[in-house]
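I opened this notebook to record what I looked up, going from a sheet to the helices around it and then to the core. The entries follow the order in which I looked.

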Amino acid sequence: MDILNQKFSYVGITLVKDYCKIETKIEEFEPEITEIFDRIPSIDPIFNANTTFKYVNLRPKKEKGRKTKYYYGDEDCGINLELVLKNKSEFGRHDGRFDTTKDRHIKKHYGNPFAGVSTTVIERTIKIVGDKVYVKSYRHNKNRDVNCIYFRKSTHVDSITFDLVKGDITVGDITLSSKIKNRRYRKNTFSQIERILSVNNFTTFTNLINSNSPIYNEFKSNMNDDEFFKVMFEQIGEPLPDDYVFQTNPENKDMLLRKVLSFFVKRKKIKVPNDYFGLLTSYYPGEKFLKKNDRKLIQSILDSFGIKSKSTIKLMHENIDLDIESFKYFCKFFGDKQFKYISALTPKSMTFFNRNTAGFISTIPINMRLGGNVVNEVVDDETKENIIKIVNSIEIKIDNINGLFADHFNMIRTINEYDPNVKMRAKTHRDFVTEHSELSKLISVINKGWSIEYIFDNRMVRNVESVINTEFLGTNYQITPVILKREEEYSEEGSYMHHCVASYSNKVESIVISLRATGGFDRVTCEFNKKTGDCLQERYFCNKVPPDYFIDSLKILKDRVKKSANNRLLDHIDFKKVKVKINGIEVKTPQRLITQQEVFVDF
């Protein structure tokens, strides 16, 4: 049953002025045609600097095939003629075209070689067949250019079909022409529904008829948007307000999509939170997951991404703008125990994973949610706890928090090929920024492939680096002093200890010695003045005070360094360019490059 039919047809005509017979131009003036047209403005007072020309290409006629042009050019070569457009700038147009619905204009110019003719038919229909409401928008165009005999035809159809029983919404997109025949139908794809309700698909058609055109009022009278949408939404049980006006407010256009979503949710009996529009348009989970989760939208969406748990359901209810795709990536850092850790995230930290709420975004296909190219980072429990602490401590806006951590672990993974003891030790965002900087420096050294090694007196090295055996509270400790001699050793020490000793590699007046407990898992970094042998500073992890069991070994080291200074043995005696070594292992060449993300923070 037809409910509503709106139809409008018109013709656009482009005229050119025929000042002399086109055959004469071709046959008599062909050698000088460019010169003639260059002189036209000075010959004819009608022409001026603002005169607009239309290019008409006159090619030789093909030996076979029907005649498609009124006039043809020379047998050997084509000729380009510039014909003067009439109606210059009329009604705001600059292509010489005027639109009309009058038969006398159409009949006069329909077969005129010096007129381009474009006929357009626009039609919108609403009909009910059984339990379905069919809404369609047709646009049919026939176009014939100047000097052409035949028309080129094209048709485009946009459609929305509402199933009043099942609630399904099918969007159709059909394009037909001599060379293109496309037919696409998509069910419950809300990005397509939003597109079809937008300008120039179902509404307004500003790309077809200019508001300054003399036929614009006639067009708007026939194609009344407000009437069309009010009838459409009445048929699906979602009536628009009586004072609804489509054109006056951009928010009115958003109302159309929200009405469609309301129809969908009610018919599908989906249990939704208060502000569900962004969730539904971006992450519609499909019937499979809705059935599995008692038709609850949030649970179904999380299940479709493989991250459903009590904690994530709670987080989603607290933060309805959550970007689930980004959050899923973040969860991958925690492996199988992800829900144990992410439940500790604060409401503020969850905002780092928000969607762009400025508008609806494209639907993420279900078949891409459970897979994807996401690397499952293998990190220990301590590191997982540190990630949560870092995120909860962030006080500035971070646009790509996942990329930041992924880059961090990529650098650690590269360094671990040579030193497996390096890992993320930061527990606050401030410390994380420092650690990230130190890792970046070490990666830069690795990628460079070479560094400067300082050479010291062998007597001093043997004396200072001798193993120190101490005892504290009944426990024996074996401490090994290590003189930092190469740039990468400074970088490695800084990244491991989470302080800025890497920047000391070029500080020629100082010597840096790392006190390392058995296995190298615990360290104290010490800086000494080369001339005096005085200890300038001693730093534990994150610049903390060294533990008490290092007190005796520190005292012994200071005595050794002081004696070497008195004998003037602390200063380096030479340096050389060498291949980079990390933890005593020479780096591979050529080394793969790692993109390092810049981190900016104001302290």
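Entry one, the sheet. Keeping in mind that this is a predicted model, I looked up the open sheet and found 5 strands in the order S11-S12-S13-S14-S15, with antiparallel pairing. Strand S11 (468-472) and strand S15 (535-539) are the edge strands, each pairing on one side only, and I noted that the twist averages 25 degrees from one strand to the next.

Entry two, one pair of strands. I then followed strand S13 (residues 510-517) and strand S14 (residues 523-529), which pair in the antiparallel sense over 7 bridges; Ser510 has Asn529 in S14 as its bridge partner.

Entry three, helices on the sheet. I found that helix H19 (residues 487-497) lies across strand S12 (475-483), S13, S14 and S15, at about 130 degrees to S14, while helix H20 (residues 551-566) lies across S11, S12, S13, S14 and S15, at about 150 degrees to S11.

Entry four, the core. I looked up the largest nonpolar core, which has 116 residues, and noted that Phe162, Met232, Phe327, Phe330 and Phe405 touch the most other members. Helix H16 (residues 401-416) gives this core its largest share, 8 residues. Leaving aside neighbours within four places in sequence, I listed Ile126, Val135, Ile160, Phe162 and Leu197 as the contacts of Met232.

Entry five, a helix crossing. The axes of helix H15 (residues 381-393) and H16 come within 13 Å and cross at roughly 140 degrees, and I recorded that Thr383, Ile387, Ile390 and Val391 of H15 make the contact with Ile401, Phe405 and Phe409 of H16. By class, I noted 6 nonpolar, 1 polar and no charged residues in this contact.

Conventions: Residues are numbered from 1 along each chain as its sequence is written. This is a predicted model: local features need pLDDT of at least 70, side-chain atom pairs count only at pLDDT 80 or more; totals for chains, interfaces and linings use all residues. Side-chain values use heavy atoms; hydrogens and water are left out. A nonpolar core is a set of buried Ala, Val, Leu, Ile, Met, Phe, Trp, Tyr and Cys residues joined through side-chain atoms within 4.5 Å. Buried means under 20% relative accessible area, exposed over 50%, partly exposed in between (1.4 Å probe, protein chains only). Helices (H or I, at least four residues) and strands (E, at least two) are DSSP runs, numbered from the N terminus. Contact means heavy atoms within 4.5 Å. Axes are lines fitted to C-alpha atoms, for helices over the stretch in contact, and angles run from 0 to 180 degrees between N-to-C directions. Ala, Val, Leu, Ile, Met, Phe, Trp, Tyr, Cys and Pro count as nonpolar, Asp, Glu, Lys and Arg as charged, and the others, Gly among them, as polar. Two strands pair if DSSP finds at least two bridges between them.
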